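Biologist: Before I trust the labels on this model, I'd like to hear the reasoning behind them. Could you take me through a few?

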Amino acid sequence: MTKIALKNTGFYSESPRSGILGWLLSTDHKRIGIMYLFCIVTMFLVAVCLGLALRLELIAPGPTIMGPQTYNATFTVHGIIMIFLVIIPSIPAAFGNLVLPIQIGARDVSFPKLNLLSWYCYIIGAVLAVIAIFSGGGAPDTGWTFYVPFSTQTTTNVNMAVTGALMLGFSSMLTGINFVTTIHRLRAEGMGWGRLPIFIWTLYSTAWIQVLATPMLGITLILIVLERVFGAGLFDAARGGDPILYQHLFWIYSHPAVYIMILPGMGVISEIIPTFSRKPLFGYWAMAISSLAIAFAGSLVWAHHMYASGMSDFAILIFSFLTFIVAIPSAIKIFNWVSTLYKGSIQLAPPMLHALAFIFNFAIGGLGGLALGAAASDIHLHDTTFVVGHFHYTMFGGTGFAFFAALHYWLPKFTGRMYSHKPAVIAWALLFVGFNVTYMAMQAVGIQGMPRRYYDYLPEFQTLNVVATVGSWVLAVGLIMMFVNLWNGIRKGTPVGKNPWGSATLEWSIPSPPPLENFGEKDPVVTKGPYDYKGVIADEY
Amino acid sequence: MSIEHRDDTGARFGMWLFLYTEVILFSGLFILYAMALAKYPQEFAEASHKLNIYFGTINTIVLLTSSLTIALAITAIQRNKIKQTLTLCIVTIVLAIVFLINKYFEWSAEISHGIYPGSNHMAELGPGITAFFNLYYFTAGLHGVHILIGGTLIGVVAAMVAKGKVTSDRYTLLENSALYWHLVDLVWIFLFPLYYLIL
């Protein structure tokens with residue numbers, strides 16, 4: 001492939017400072033978004049390697065490539081990196097920053113300097129998390145939940161990991177404040193609430209959860225550090241504390257956090273499905289309101305993680321009921337996506353394939369969630385690999401595939417170049433097959449009774465574990481292929497015009513890559529809805 | 001070519017969101033307090049009587065006065081009285097320091113009696129009293145950190161007033177710092193009765 005120079009380099013060549021400082025001190029939302037994207041993909045690849053090592057260890061019973069302590073540390077670090085450094089910021093911080101201001105017709109977010117500060121909080125958190133692995137008493141081995149009493153007693157480097165998570169929480173919270181304010185204050189003329197793309201609605205819901213729930217994580221993590229420093233017994237029953245209360249505090253944040261992770265993914269899918277079906281999104285207001293409903297109801301279900309921890313039967317009943325309520329707005333979304341596809345002019349481009357995979361995986365993950373939300377079956381499934389499989393179905397099969405869909409959808413916009421489609425489709429197929437083999441096997445062996453978080457298992461679980469491990473290799477090949485293809489696309493892909501996909505939202509009405517001020521001197525005036533495809537023509541590439 | 005963008009309402013909106021996060025931050029500790037109080041009502045009352053109510057009362061008056069002075073500072077800058085604004089900011093900071101000094105003496109007295117998180121004396125007093133003092137130290141400690149942050153913030157804004165960066169038609173920063181200070185005050189208004197008065 002011969003490299004064709006871009007006619008327009010957009011915000012890449014417009015900056016008050018040159019070189020690396022032009023990035024590190026930039027308050028431009030697009031540069032900050034690109035920096036987030038770069039860091040998130042890097043951390044993702046690190047955590048993928050850890051995940052592959054975990055799967056390799058489980059290929060046979062007994063120690064295969066690591067012992068128990070290393071295994072505990074590996075799954076803890078895999079969890080901390082994937083959750084706090086990858087999934088939570090993946091779509092909101094990276095694509096939210098890149099796309100949100102343009103989609104509402106703004107020049108930037110409300111607080112550009114605060115936005116840069118959030119990025120630095122993220123970096124400090126990431127550095128602390130990485131240092132925690134290699135310093136002190138060794139990598140933390142508590143699991144990403146930092147449950148007491150183990151987390152206050154273990155000699156591993158929990159303090160630093162927890163401080164890192166605190167900084168990441170701060171970053172996420174500041175981004176939330178920034179986005180809520182931006183969506184309220186900076187919408188362009190004519191961009192009423194009824195014309196917001198659903199991606200903005202989901203970011204809005206997410207930002208509210210980030211603002212409302214993250215401080216609870218903050219105080220919980222601060223208390224762990226204080227407890228480790230002073231040994232006061234805050235969560236020690238013998239000294240007037242309550243270990244169960246720790247779990248409540250932790251999940252009051254960490255359950256809503258899974259909606260921080262999934263909602264923006266749903267937003268991405270809601271952009272891609274109509275674009276590639278060439279049909280307005282079915283049930284706009286149902287989609288918008290269900291995003292808020294998920295955010296609201298999702299904040300009231302935290303104790304469904306604790307059925308086996310000790311709670312009154314009545315409380316279990318209430319939390320079980322509320323958990324089922326969350327399924328309703330989620331199902332509304334799935335039905336509306338499928339209804340959008342109905343009689344649409346479907347084009348199976350790579351972003352669309354990832355979006356369809358999202359619907360498939362998320363439906364499985366969501367229904368598995370009901371099995372776990374029902375108290376009767378949860379007692380059986382609690383702390384088995386079924387939970388791990390379910391979580392990966394929603395977070396990797398859901399958010400992960402939405403992230404890949406977003407990469408394939410928006411990278412041409414922000415780099416000005418199109419990747420080649422054939423390898424993208426093959427990589428997608430490998431990812432889809434590898435993913436389902438890995439985690440379906442994990443769910444199946446969980447139902448048979450294999451507990452999570454052990455490096456060892458009984459011989460009768462081996463067949464399915466081998467299947468899962470082989471699946472993880474297919475997944476790895478797919479990932480390598482996808483990232484190599486995207487990288488080649490960024491460097492030497494065919495230049496694209498304003499609107500390669502024929503989408504109707506605002507970001508496709510400006511050049512690729514966008515200029516520094518997005519819309520130039522004059523602010524845009526919005527005259528039609530985000531899914532009004534009348535007169536929208538896709539550019540050839 | 002960057003176009004100056006200014007949105008005072010947006011800035012205040014963002015600040016209110018941030019204040020909300022602070023409320024949630026402290027609410028975690030209030031939840032722990034509520035649960036422990038329900039479990040050990042007798043011990044909580046007993047422990048509460050060990051606290052010196054005079055320290056608490058003086059600090060309440062100090063903080064309420066500082067909220068007044070920072071509110072006056074905003075009125076002063078609205079009327080373009082820069083010197084008065086600076087004086088009122090400095091008085092607020094001095095009151096913050098008085099609060100912390102008072103806290104220092106209060107805690108020194110308690111620590112000298114062997115009452116601090118993780119002490120042997122606490123272990124002898126039993127779980128209920130331990131729970132009370134653990135929460136007392138951590139909540140008041142976190143509040144003290146907020147006093148430090150708030151005082152520093154007001155100091156920085158005062159310096160900007162002196163340099164003319166915060167002026168009578170551009171004072172959102174001072175207003176937001178004052179909002180923060182009122183919140184720090186408000187948290188104390190809840191801590192004071194919960195730990196010193198009602199039990």
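Modeller: Gladly! A residue is called buried when its relative accessible area is under 20%, and exposed when that area is over 50%. Do keep in mind that this is a predicted model.

Biologist: Why is C121(A) called buried?

Modeller: Its relative accessible area is 5%. The cut-off for buried is under 20%, so C121(A) counts as buried.

Biologist: And what makes C49(A) count as exposed?

Modeller: C49(A) has 51% relative accessibility. Exposed means over 50%, so C49(A) earns that label.

Biologist: How do you know that C121(A) is too far from C39(A) for a bond?

Modeller: A disulfide needs two cysteine sulfur atoms within 2.5 Å. The closest cysteine sulfur to that of C121(A) belongs to C39(A), 13 Å away, so the pair is too far apart for a bond. Over all chains, the count is 0 disulfides. For C49(A), the nearest cysteine sulfur is also in C39(A), at 17 Å, and C49(A) is in no disulfide.

Biologist: What makes helix 13 of chain A mostly covered?

Modeller: Of its 31 residues, 30 are buried. Helix 13 also bends by about 35° at Y409(A), with the proline P412(A) following within four residues. Just after helix 13, G416(A) takes a positive phi of about 80°.

Biologist: Which helix gives the most to the lining of the largest cavity?

Modeller: Helix 3 of chain A does, with 5 residues. The volume of that cavity is about 80 Å³, and its lining residues divide into 8 nonpolar, 4 polar and no charged.

Key:
Residues are numbered from 1 along each chain as its sequence is written. Chains are lettered from A and ligands numbered from 1 in the order in which they are written. This is a predicted model: local features need pLDDT of at least 70, side-chain atom pairs count only at pLDDT 80 or more; totals for chains, interfaces and linings use all residues. Side-chain values use heavy atoms; hydrogens and water are left out. On a 1 Å grid over the protein atoms alone, a cavity is a set of points where a 1.4 Å probe fits but cannot get out, and a pocket is an open set with protein on both sides within 12 Å along at least five of seven lines; lining residues have an atom within 4 Å of a point. Grid points are joined across faces, edges and corners, and a volume is the space filled by probe spheres set on the points. Helices (H or I, at least four residues) and strands (E, at least two) are DSSP runs, numbered from the N terminus. Ala, Val, Leu, Ile, Met, Phe, Trp, Tyr, Cys and Pro count as nonpolar, Asp, Glu, Lys and Arg as charged, and the others, Gly among them, as polar. The bend at a residue is the angle between axes fitted to the seven residues ending there and the seven starting there. Buried means under 20% relative accessible area, exposed over 50%, partly exposed in between (1.4 Å probe, protein chains only).
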